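Ready for a walk through this model? Keep your viewer open and follow the selections in order.

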Amino acid sequence: MRAPDVGERTDVTVEHPDRAPLSRDELARVVAGDIPPGSYVNLGIGRPTHVADHLTPDSGIVLHTENGMLGMGPVAQGEDVDPDLVNAGKVPVTELPGASYFHHADSFAMMRGGHLDVCVLGAFQVSQRGDLANWHTGVEDAIPAVGGAMDLAVGAKRVFVMMTLFAKDGSSKLVESLTYPVTGLACVSRVYTEYGIVDVGPDGVTVRATYGISVDGLRDRLPVTIRRLED
Amino acid sequence: MEVLDADAAVADVQDGATVLVGGFGTAGMPFSLIDALVLQGAGDLTVVSNNAGNGETGLAALLATGRVRKMICSYPRQPDSHVFDALYRTGRIELEVVPQGNLAERMRAAGAGIGAFFTPTAYGTVLAEGKETRSIGGRDYVLEYPLGGDVALISARRADTAGNLVFHKTARNFGPVMATAATTTVAEVDEVVEADEIDPEAVVTPGIFVDRVVAVGAEQRIAAREGAVA
């Protein structure tokens, strides 16, 4: 099967209604293909972490982990495990040639200061204007824990979200306005889901590609106004 | 700069002190200094650290004594944060959640003599409620104030007799920032070397920010992390 939409640059929305929705692995591959060579990138915990599996060494992409490292390599195995070398999820990792370490104030200056090119995050909800909810479900008795989520949301030049399009109860996670607690306002530029890739922002939702559904099918199921690239 | 043992290095921590504790999870956590603080007995503490303890050792052991009144951190909830979780759910500890970058920058500001700063992080969120905001150049910012401590407890790999520190990989995390932000900074290290044995170009934290050094030794550091010593 042809790699779905990887690296494709198009001015026209591409519909793939007759294939299956993207698998988790295919979605990670699509995101990886959209990251420009040479970018400095932060991959969030969970689904976004798998994007790293599809980055090739010749891309020159450098991974940042907010606990203080550039040039992060794959997860450490066996005797390479060092409790002092972990990623933001506290999983032992490795270092690549050219790696560097730095303290937290420098690490977050890299984000806030606009030095990171791309950040890929998971989300509970994204609004049509790019507001992000990914730190708190709003459940009353949950212990609040934000980590670097709010810093990441406002920091990178481009913020990509990877998520399933629908919650377990079937509701759309792409919404007109957030009902979950806000992580950042107007910060997300693109959303990658198994059913499609959409841009969000001041112009609302623009569909770039669909998988296992048509643009009209998305219009039927989502509570937001949807435009095509060619509109 | 003084070279002391762990007990002497924390002997003057007062009741009601604000203690900055290095570490991201267990990476860079000053286990031996925390163990000494547990024995020392100071109470009514405010602890500033990225997380709120893992398992039963280190910061979790300090929390378990019930002598921490308030925790200021970015990410308390973890799979192994049961000590904190139980205290929080029974109303026995206060919690201030601060975005990770704000936590670092507030301490940086405290150490750098900055009165306050505007940051875009958390604008429009519940964590900015009640805080002053300002639009600067078309972007919205939240006013944040410095966060300093009476004492900082950090972990580094090596010190020289001038107090200069080098760290180890991602165990560096908050250490260099906290070292600048406390009245008294205590660093536990694997070893203290002569003043000419750390390349001045490689110094991460200059000795001016370090008041006390405790030579723990690598074996002891690892044993304390595993909870093998009191």
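## Where the chains meet

Begin by selecting the contact between the two chains of this predicted model: 34 residues of chain A and 46 residues of chain B take part in it. Chain A and chain B together bury about 3,300 Å² here, and carbon and sulfur atoms account for 62% of that area.

Now bring up the charged side chains. There are 3 salt bridges between chain A and chain B. For one of them, select Lys169(B) and Glu95(A): their closest N and O atoms lie 3.2 Å apart. If you draw polar contacts as well, the count between the two chains is 22 residue pairs, with both residues at pLDDT 80 or more.

Which elements of chain A give two or more residues to the side that touches chain B? Colour β5 (93-101), α2 (104-112) and α3 (149-155) of chain A to see them. The largest share of that side, 4 residues, belongs to α2(A).

## Into chain B: strand β3

Next, hide chain A and select residues 45-48 of chain B, which form strand β3. Are the residues on its two faces buried or exposed? Show the side chains: Leu45(B) and Val47(B) point to one side, Thr46(B) and Val48(B) to the other, and all of them are buried.

Add strand β2 (residues 18-21) of chain B, which pairs with β3(B) in the parallel sense through 3 bridges. To find one spot in this pairing, pick Thr18(B) and look across to its bridge partner in β3(B), Thr46(B). Then trace the chain from β2(B) through helix α2 (residues 31-40) of chain B and on to β3(B): this β-α-β crossover is right-handed.

Now select strand β4 (residues 68-73) of chain B, which runs parallel to β3(B) and is joined to it by 4 bridges. Here Val48(B), one of the buried residues you have just seen, stands opposite Ile72(B) in β4(B). Follow the chain once more, from β3(B) through helix α3 (residues 59-64) of chain B to β4(B), and you trace a right-handed β-α-β crossover.

## Last stop: a sheet of 3 strands

Finish with an open sheet of chain B, in which 3 strands follow the order β11-β10-β13 with mixed pairing. At its edges are β11 (165-166) and β13 (191-193) of chain B, each pairing on one side only. Select β10 (residues 158-160) of chain B too: β10(B) and β13(B) run parallel, joined by 3 bridges. To see one of these partnerships, pick Asp160(B) and look to Val193(B) in β13(B).

Note on methods:
Residues are numbered from 1 along each chain as its sequence is written. Chains are lettered from A and ligands numbered from 1 in the order in which they are written. This is a predicted model: local features need pLDDT of at least 70, side-chain atom pairs count only at pLDDT 80 or more; totals for chains, interfaces and linings use all residues. Side-chain values use heavy atoms; hydrogens and water are left out. Buried means under 20% relative accessible area, exposed over 50%, partly exposed in between (1.4 Å probe, protein chains only). Two strands pair if DSSP finds at least two bridges between them. A crossover is right-handed if, with the strands pointing away from the viewer, the path from the first strand over the helix to the second runs clockwise. Contact means heavy atoms within 4.5 Å. Buried area is the accessible area (1.4 Å probe) that two parts lose on being put together, summed over both. A salt bridge is a side-chain nitrogen of Lys or Arg within 4 Å of a carboxyl oxygen of Asp or Glu. A polar contact is a pair of N or O atoms within 3.5 Å; within protein, one must be able to donate a hydrogen and the other to accept it, and residues adjacent in sequence count only if both atoms are side-chain atoms.
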